[in-house]
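Work through the exercises below with the sequence and the model side by side. Try each task before reading its solution.

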Amino acid sequence: MSEWIKVAVDAMGGDYAPQEPVKGAVDAVNDSPELFVWLVGKESLIRQELDKYTYPADRIQVVDAPEVIETGEPPVKAIQKKKESSLVKALKLVRQGEASAFVSCGSTGAVLVGGQVLVGKIRGVERAPLAPLIPTANGVALLIDCGANVDARASHLVQFARMGSIYMENVVGIKNPRVGLVNIGAEEEKGNALVKETFPLLKECEDINFIGNVEARDIPKGVCDVIVCEAFVGNVILKLYEGVGSTLISKVKSGMMSTLRSKIGALLVKPALKETLKSFDASQYGGAPLLGLKGLVVKSHGSSKAQEIHNSILQCITFTREDICGKIRDHITTEKKEEA
C-alpha cells in the first residue's frame, strides 16, 4: 500500500458531480495498478455511483463530506466556513500527507485559495500559477499562468518560467524546453510595462532556454514549450483557444454532412480526421496544476466529463513519481541562495 500514489478527488465539484468524478476515478484506478483514490463528498451519493462499477475495492476509499462549496460562493469565506466540504476535506488530506495530489472540477477560486491556504506554497515561491497543457502543431505547450495571478510582477513571471521548465522537462519529457514571453510583437522593446521589465530578466536566466517574445498567433504553431504570461492574458488565450477549437470542429463536421458528395468524402477521411481533431482536444491532457505548492493541486474544467477527470488523476502519477514539488523547492532554494 505504501507504493501507491494516493490522489484525493473532490467528488462533489463540477457540473456533473458526483457521477462523472466517480466514473473518472474508477476508470483511473482500473487503468493504473499504482493508484489509490480518496473520493471525498456525500458518502451516500458516492456509494450509489460506485455500485454501478467493478473496481478494486481496496484502492478506492470514500471520505464523507456533507457540505459542498458552490461555484458562486466567495472563495475565502467558503473555505473558512465550510470546513466539512468536499473541497476542504480533500485538500486537508494533501496537507496531512494522506494524499500526494488533489483533483477538483469545482470552484476555481476556492481551489486557488484552498490550495495556497491549506496546502501552502513552497518556501520562496512568490505566487502559485495555474498551468494547463494546450495542444499545438508540435504536441503540447504549457500555458503559465492561465488564471491565478492577474496582477503579477516581473519576478513572478521569471519564477513561472522556471517552474514551467521543470514541469515540461520532467513530466512531459521535453529536454531544455523553449520558453517564450507572450507579447504583441517579437521585438524586445514592444509591450506593456510588465513584459518590458520581464524580458531582460528572462534573458539573463542561464537555467532556462528563453527564446524571446512570442505572439498569440504563433502559439498554436508550437514555437515554444512554455508560454509565460500573467493570468489575465493567459485566461484570454485559453478561452479563445477552446472557443475557436470547438467552433472549428463543429464547422468541419457540419460541412462534411452538407451534401452527398461531402458525406462520401467524410467516410474516406474520417479515421485520419478523427485522429487529427483528437490531438487538438485539450481535455485529453487533463487539468491545470497549481505549481509551487507543497503538494499537487489540479484544477479541471467545471464541465469535465469522466475522461478528462480520469486524465487529470493519471497525470498526478508522473508528477508525484518525478517529485516535481521537490524539484521546484530545490530550484527555488538554489535561486534564493544565489541572489543572496
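The exercises cover one helix face, three helix pairs, two serines and some backbone details.

The model is predicted: local features need pLDDT of at least 70, side-chain atom pairs count only at pLDDT 80 or more, and totals for chains, interfaces and linings use all residues. Residues are numbered from 1 along each chain as its sequence is written, and side-chain values use heavy atoms, with hydrogens and water left out.

**Exercise 1. The two faces of helix 7**

Find the buried residues of helix 7 (residues 193–204) and explain why they lie on the same side.

Solution.
- Step 1. Fix the terms. Helices (H or I, at least four residues) and strands (E, at least two) are DSSP runs, numbered from the N terminus. Buried means under 20% relative accessible area, exposed over 50%, and partly exposed in between (1.4 Å probe, protein chains only).
- Step 2. List the buried residues. In helix 7 they are Leu-194, Val-195, Thr-198, Phe-199 and Leu-202.
- Step 3. Check the arc. These residues cover only 130° around the axis, so they sit on the same side of helix 7. The arc is that of the directions from the helix axis to the C-beta atoms.
- Step 4. Recall the geometry. An α-helix has 3.6 residues a turn, so residues three or four places apart point the same way.
- Step 5. Turn to the other face. Away from the buried side, helix 7 carries the exposed residues Ala-193, Lys-203 and Glu-204.
- Step 6. Find the cover. Helix 6 (154–172), strand 7 (178–182) and strand 8 (209–214) are among what covers the buried residues of helix 7.

**Exercise 2. Helix 1 against helix 10**

At what angle do helix 1 (residues 19–31) and helix 10 (residues 306–321) pack, and how far apart are their axes?

Solution.
- Step 1. Read the geometry. The angle is about 50°, and the axes of helix 1 and helix 10 are 8 Å apart. Axes are lines fitted to C-alpha atoms, for helices over the stretch in contact, and angles run from 0 to 180 degrees between N-to-C directions.
- Step 2. Classify it. The angle makes helix 1 oblique to helix 10. Under 35 degrees counts as roughly parallel, over 145 as roughly antiparallel, 65 to 115 as roughly perpendicular and the rest as oblique.
- Step 3. Name the contact residues (contact means heavy atoms within 4.5 Å). Helix 1 gives Glu-20, Pro-21, Lys-23, Gly-24, Ala-25, Asp-27, Ala-28 and Asp-31; helix 10 gives Ala-306, Ile-309, His-310, Ile-313 and Leu-314.
- Step 4. Sort the contact of helix 1 with helix 10 by class. It has seven nonpolar, two polar and four charged residues. Ala, Val, Leu, Ile, Met, Phe, Trp, Tyr, Cys and Pro count as nonpolar, Asp, Glu, Lys and Arg as charged, and the others, Gly among them, as polar.

**Exercise 3. Helix 6 against helix 10**

Is helix 6 roughly parallel or roughly perpendicular to helix 10?

Solution.
- Step 1. Take the values. Helix 6 and helix 10 pack at about 100°, with axes 9 Å apart.
- Step 2. Classify. That angle makes helix 6 roughly perpendicular to helix 10.
- Step 3. List the contact. Tyr-167, Asn-170 and Val-171 of helix 6 meet Gln-315, Thr-318 and Phe-319 of helix 10.
- Step 4. Sort the residues. The contact of helix 6 with helix 10 has three nonpolar, three polar and no charged residues.

**Exercise 4. Helix 4 against helix 5**

Which residues make the contact between helix 4 and helix 5?

Solution.
- Step 1. Place the pair. Helix 4 (residues 86–95) and helix 5 (residues 108–119) pack at about 35°, with axes 9 Å apart.
- Step 2. Name the residues. Leu-87, Val-88, Leu-91, Lys-92, Val-94 and Arg-95 come from helix 4; Ala-110, Val-111, Gly-114, Gly-115, Leu-118 and Val-119 come from helix 5.
- Step 3. Sort them. The contact of helix 4 with helix 5 has eight nonpolar, two polar and two charged residues.

**Exercise 5. Two loop serines**

Are Ser-32 and Ser-300 buried or exposed?

Solution.
- Step 1. Take Ser-32. It is in the loop between helix 1 and strand 2 (35–41). Ser-32 is buried, at 7% relative accessible area.
- Step 2. Find its partners. Beyond neighbours within four places in sequence, Ser-32 contacts Arg-59, Leu-314 and Ile-317.
- Step 3. Take Ser-300. It is in the loop between strand 11 (296–299) and helix 10. Ser-300 is buried, at 1%.
- Step 4. Find its partners. Beyond neighbours within four places in sequence, Ser-300 contacts Val-103, Ser-104, Cys-105, Gly-287 and Ser-312. Ser-300 and Val-103 are 197 residues apart in sequence and 7.2 Å apart in space, C-alpha to C-alpha.

**Exercise 6. Backbone check**

Where does Asp-323 lie, and what is its phi?

Solution.
- Step 1. Locate it. Asp-323 is in the loop between helix 10 and helix 11 (324–339).
- Step 2. Read phi. Asp-323 has a positive phi of about 50° although it is not a glycine.
- Step 3. Check exposure. At 41% relative accessibility, Asp-323 is partly exposed.
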